[in-house]
Amino acid sequence: MKIAIDAMGGDKAPQEIVLGAVEAARQRGKSSPELVLVGDQERIEQELSRVDTSDLPLSVHHASQVVDMGDSPVMAVRKKKDSSISVAADLARSGEVDAIVSAGNTGAAVAATTLKWRTLNGVERSSIAIVMPGPNGIFVLLDAGANSDCRPKHLLQFAVMGDVYARTILNIRNPRIGLLGIGEEASKGNELTKESFKLLEKSRLNFFGNIEGKDVFENKVDVIVCDGFVGNIVLKLSEGLGMTLSKTIRKEIKRTIWGSIGGLLVRSSLKRFKKRLNYEQFGGAPLLGVNGRCIIAHGGSSSLAIKNAIHVAEDYVVQKVNERIIEAIEETKGITPIW
């Protein structure tokens, strides 16, 4: 197995990306897949020279361009044909690698893989599936930002793909599927959610029904489905709230001597709490539905996040997620959407 890593993508590239690849290879040892670092060869080799890479299955594939975070995704793919993300996608399309990992411009990763790979048979739109923590376990949210405008049939496909991912990668036997809306009743919501509800009800999925925003982190369901506009807002709001809570707790603890003493007493609990909410533990989010395997990591990923994202990519290949998605999508062909 070979996995290509976009070494120039992310706020901390290439240093943390290269270090993450090294850590992933070390952790797997002899069973590690070959990792191909794509990007500026000189800069990548400079980072590699700072660590011991003897006997590690690492190689470098040069790419002369970089897609910046502010670049227009589609234009970047068309104009920067030798960018690290485009070259990584090309390597996968030609069969030279089995999967790619990128912490760079998410839109560019979606555009490059969709344009170059197309989608799986029966899938019209790809979807970013984010694994998120709740008080009683983890759950999957999709779409987290690949599609702003969706139709009911797209949300049905997202639900099917989320169900497959939860079963194969997260080992959830019979995932409960929830549709994110503004009320629990089937009659509430906009036309998209109301029509999507009807489709999900007809499917073979374990459909729980609608869930409201206040229920997102209650672990009522294992897979939460929404369009990418709503999903990305939920994701970014959650990140911002987490940072705000962390800053506020630290500030309040330091306000008084008794607060400082109390902070010392609950330090271990706070560390466990922070670890549970740390996105880096989950590595990266798969782009479900494309005819290939792409794991999208957070732009601020450290070496830990990159290491875990590589492991997610490896599991995705081994578990044959795409093949299972095609089979599951085939079962929905008898469900006819209104629009």
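**Note on the predicted model: cysteines, sheet and surface patch**

1. Cys294 has 2% relative accessibility and therefore counts as buried (under 20% relative accessible area; exposed is over 50%, partly exposed in between; 1.4 Å probe, protein chains only). Cys150, at 11% relative accessibility, also counts as buried.

2. This is a predicted model, in which local features need pLDDT of at least 70 and side-chain atom pairs count only at pLDDT 80 or more, while totals for chains, interfaces and linings use all residues. Residues are numbered from 1 along each chain as its sequence is written, and side-chain values use heavy atoms, with hydrogens and water left out.

3. The structure contains zero disulfides (a disulfide being a pair of cysteine sulfur atoms within 2.5 Å). For Cys150, the nearest cysteine sulfur belongs to Cys226, 8.6 Å away. For Cys294, the nearest is that of Cys150, at 18 Å.

4. Seven strands make an open sheet with mixed pairing, in the order E3-E2-E1-E4-E12-E11-E5 (strands are DSSP runs of at least two residues in E, helices of at least four in H or I, numbered from the N terminus). Strand E3 (58-62) and strand E5 (127-128) are the edges, each pairing on one side only (pairing requires at least two DSSP bridges between two strands).

5. Strands E11 (residues 284-288) and E12 (residues 294-297) run antiparallel and are joined by three bridges. Pro286 stands opposite Ile295 in E12.

6. Val230 lies in helix H8 (residues 228-253). At 32% relative accessibility, Val230 counts as partly exposed.
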